[in-house]
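Please load the model in your viewer and keep a selection tool at hand. The tour below moves from one selection to the next and says what is to be found at each stop.

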Amino acid sequence: MRYWSFQSNPRKYRIEAAVRQLVADSWATTGHDIQKGDRALIWKAAGGTGNRGVLAFAEVIRDPAPSKDIYGIDYAIPPLTAEEIQEEFRVTVAYLNVPTLPLWVNGPHHDEVSALRIFGGVNFGLLVTVIEESKEKFERVVAAAGGWPDRNDLSHITPEQEDRRAIEGIVNAPRDRQGFLVNTEARRAIEMYAMTEANKYYTSQGWQVQDVSAYQPYDLRCTDANGRELYVEVKGTSTDGAGVLLTRNEVAHAHAYYPRVSLFIVANVQLQPATDGTFVASGGHIIVREPWNLNDDDLTALAYSYRVP
């Protein structure tokens, strides 16, 4: 495991909003040997005004790979188009927000924060800067914040990040006559089956297909021979497919990237239990909406996450 500071310039990237709203994000490695399992401190530069210091913790959850950072469009200043984003090596991180953060320079833990290498000698004109930190200095900051959070402990999830988990809770509820599924294993079997069918469908159409579901608000990034991109949202269901569940981020992305978005549904999927407690999915029929023109009149609110004051 190695330890890093990832610095963002608030004049060029809305880093405070990103760590609050995103469960996962991608960062350019800028030539550093960052790997899955490494840990990082998310550093906010002053940007001419305001505080600077450690804003959040992050865990690297995906090895470096050539990628265009779609999230950067939403948080860059000024906003970027897909064509303006360069493909470069990036790692995917999970943000771990804890109540004791941020730790600002000139705050109660100034000594720990100012000991970091990123505190000095950084070109703050850059969009992002990556610096390797020593384990000792890194862990002093972590201790000042009360320790490294467990990713399995959902208490570090922010209200904005609860959207997808709320949808998962609805989807995984016991089935009634309306078709809710019995357990998580059944839901997972249908999702994996739908992803496989979508991959086969778009590959047969001549697209190069990349699964980006782990770190993007859509599931497949398809690229044709001319470099044109299509962003595909994949849904699988044992119902007739007349209605599917969407998160807020999925809706926002579909609106932002129309007409380069597609909705791919595998409906009426059949499930058979396996001997190991899992399920085998099969059958069904495909519904494709391309381009996917998502009309707000077709959206119905199913639930709200209410934080009691």
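Buried here means under 20% relative accessible area, exposed means over 50%, and partly exposed lies in between, as computed with a 1.4 Å probe on protein chains only. Helices (H or I, at least four residues) and strands (E, at least two) are DSSP runs, numbered from the N terminus. The model is a predicted one, in which local features need pLDDT of at least 70 and side-chain atom pairs count only at pLDDT 80 or more, while totals for chains, interfaces and linings use all residues. Residues are numbered from 1 along each chain as its sequence is written, and side-chain values use heavy atoms, with hydrogens and water left out.

**Stop 1: strand 2**

Begin by selecting strand 2, where 5 of the 5 residues are buried, so that this strand is largely enclosed by the rest of the structure. In a regular strand the side chains alternate between the two faces of the sheet. In strand 2, A24, S26 and A28 point one way and D25 and W27 the other way, all of them buried. Now add strand 5, which runs antiparallel to strand 2 and is joined to it by 5 bridges; two strands are taken to pair if DSSP finds at least two bridges between them. To check the register, pick A24 and look for its bridge partner in strand 5, which is A94.

**Stop 2: the largest nonpolar core**

A nonpolar core is a set of buried Ala, Val, Leu, Ile, Met, Phe, Trp, Tyr and Cys residues joined through side-chain atoms within 4.5 Å. The largest one has 21 residues, of which F6, I15, W27, I42, V93 and Y95 touch the most other members. Strand 1, helix 1 (15–21), strand 3 (39–44), strand 4 and strand 5 (88–96) each supply at least two residues of this core. Centre the view on I42: apart from neighbours within four places in sequence, its contacts (heavy atoms within 4.5 Å) include F6, I15, V19, W27, L55, F57 and Y95. Another core, of 20 residues, lies apart from the largest one and has Y3, L103, L116 and A145 among its members.

**Stop 3: aromatic pairs**

Rings of Phe, Tyr and Trp (its six-membered ring) pair if their centres lie within 6.5 Å, and planes under 30 degrees apart count as stacked, over 60 as edge-to-face and the rest as tilted. The count by this rule comes to 9 aromatic pairs. Select F6 and W27, a tilted pair with 5.2 Å centre to centre and 35° between the planes. F6 lies in strand 1 (residues 3–8) and W27 in strand 2 (residues 24–28), so the pair ties together parts that are 21 residues apart in sequence. F6 is buried at a relative accessible area of 0%, and W27 is buried at 3%.

Next select F57 and W148, which form a stacked pair with 4.9 Å centre to centre and 5° between the planes. This pair links distant parts of the chain, with F57 in strand 4 (residues 53–67) and W148 in the loop between helix 4 (135–144) and helix 5 (162–171), 91 residues apart. Relative accessible area is 0% for F57, which is buried, and 17% for W148, which is buried as well. Extending the selection to Y3 and F138 shows one aromatic cluster formed by Y3, F57, F138 and W148.

**Stop 4: an open sheet**

Move to the open sheet of 5 strands, which has the order 8-9-10-11-12 with mixed pairing. Strand 8 (208–211) and strand 12 (279–289) stand at the edges with a single partner strand each, so one side of each is left without a neighbour in the sheet. From one strand to the next the twist averages 30°; axes are lines fitted to C-alpha atoms, for helices over the stretch in contact, and angles run from 0 to 180 degrees between N-to-C directions. Strand 9 (residues 220–223) pairs with strand 10 (residues 229–236) in the antiparallel sense over 4 bridges, and C222 has L230 as its bridge partner in strand 10. Helix 7 (residues 248–257) lies across strand 10 and strand 11 (261–273), running at about 150° to strand 10.

**Stop 5: salt bridges**

A salt bridge is a side-chain nitrogen of Lys or Arg within 4 Å of a carboxyl oxygen of Asp or Glu, and a search of the whole structure finds 7 of them. Select E233 and K235, whose closest N and O atoms are 3.4 Å apart in such a bridge; E233 is buried at 4% relative accessibility, and K235 is buried at 14%. Finish with R2, D33 and E132, which are joined into one network by salt bridges that share partners.
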